[in-house]
Amino acid sequence: MKYTIALVFAALFAVVLAAPAPDADAQILRLESDVRPEGYNFALETSDGKKHQEEGELKNVGTEQEAIVVRGSYSFVADDGQTYTVNYIADENGFQPEGAHLPNVPIGN
């Protein structure tokens, strides 16, 4: 299970770093990470105003319902000069983002 968490973290981290940056000269101002047997967390901040923090943890460890729950947020400065923030959770119910600029559409049961 340790390797699964490490692999998930590495994949997410690679996506963050591989994303195209509008400001090719942006510098990493802060990068923190911690990978544990049953979870992880990281925080990233760049000089162009981007921020991303996330934590993941296993729930129902050792059962057939074992799953990883991920909570986090990211923000960026858009072309209009405004900072947009998205808070999210990803779990057995899927990816659930929230943000003032996102539509609030209820999901039917």
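**Exercise 1.** Take R71 in this predicted model and work out which residue is its bridge partner in β5.

*Solution.* Start at R71 and look across to β5: the bridge partner there is I89. Next, zoom out to the strands themselves. β5 covers residues 83-91, and 8 bridges tie it to β4 in an antiparallel arrangement. Finally, check the connection: β4 and β5 make a hairpin with 5 residues between them. In that turn, G81 shows a positive phi of about 85°.

**Exercise 2.** Now go to β3 and find which residues of β4 are the bridge partners of L58 and K59.

*Solution.* Begin with the strand ranges: β3 spans residues 51-59 and β4 spans residues 67-77. The two pair antiparallel over 9 bridges. Then read off the partners: L58 goes with I68, and K59 goes with A67.

**Exercise 3.** Place these strands in the whole sheet and say which strands stand at the edges.

*Solution.* Write down the order first: β1-β2-β3-β4-β5-β6, an open sheet of 6 strands with antiparallel pairing. The edges belong to β1 (28-36) and β6 (94-98); each has a single partner strand, so one side of each has no neighbour in the sheet. As for twist, neighbouring strands are turned by 10° against each other on average, ignoring direction.

**Exercise 4.** Describe the second largest pocket: what is its volume, and which lining residues are closest to its centre?

*Solution.* Volume comes first, at about 230 Å³. Of the 12 lining residues, P97, E98, P103, N104 and V105 are the closest to the centre. Sorted by class, the lining has 7 nonpolar, 4 polar and 1 charged residues.

Note on methods
Residues numbered from 1 in each chain as written. Predicted model: local features only at pLDDT ≥ 70, side-chain atom pairs only at ≥ 80, totals over all residues. Heavy atoms only, no water. Pairing = 2+ DSSP bridges. Helix = DSSP H or I, 4+ residues; strand = E, 2+ residues; numbered from the N terminus. Axes fitted to C-alpha atoms, helices over the stretch in contact; angles between N-to-C directions. 1 Å grid on protein atoms, 1.4 Å probe; cavity = no way out; pocket = protein on both sides within 12 Å on 5 of 7 lines; lining within 4 Å. Points joined across faces, edges and corners; volume = space filled by probe spheres on them. Nonpolar A, V, L, I, M, F, W, Y, C, P; charged D, E, K, R; others polar.
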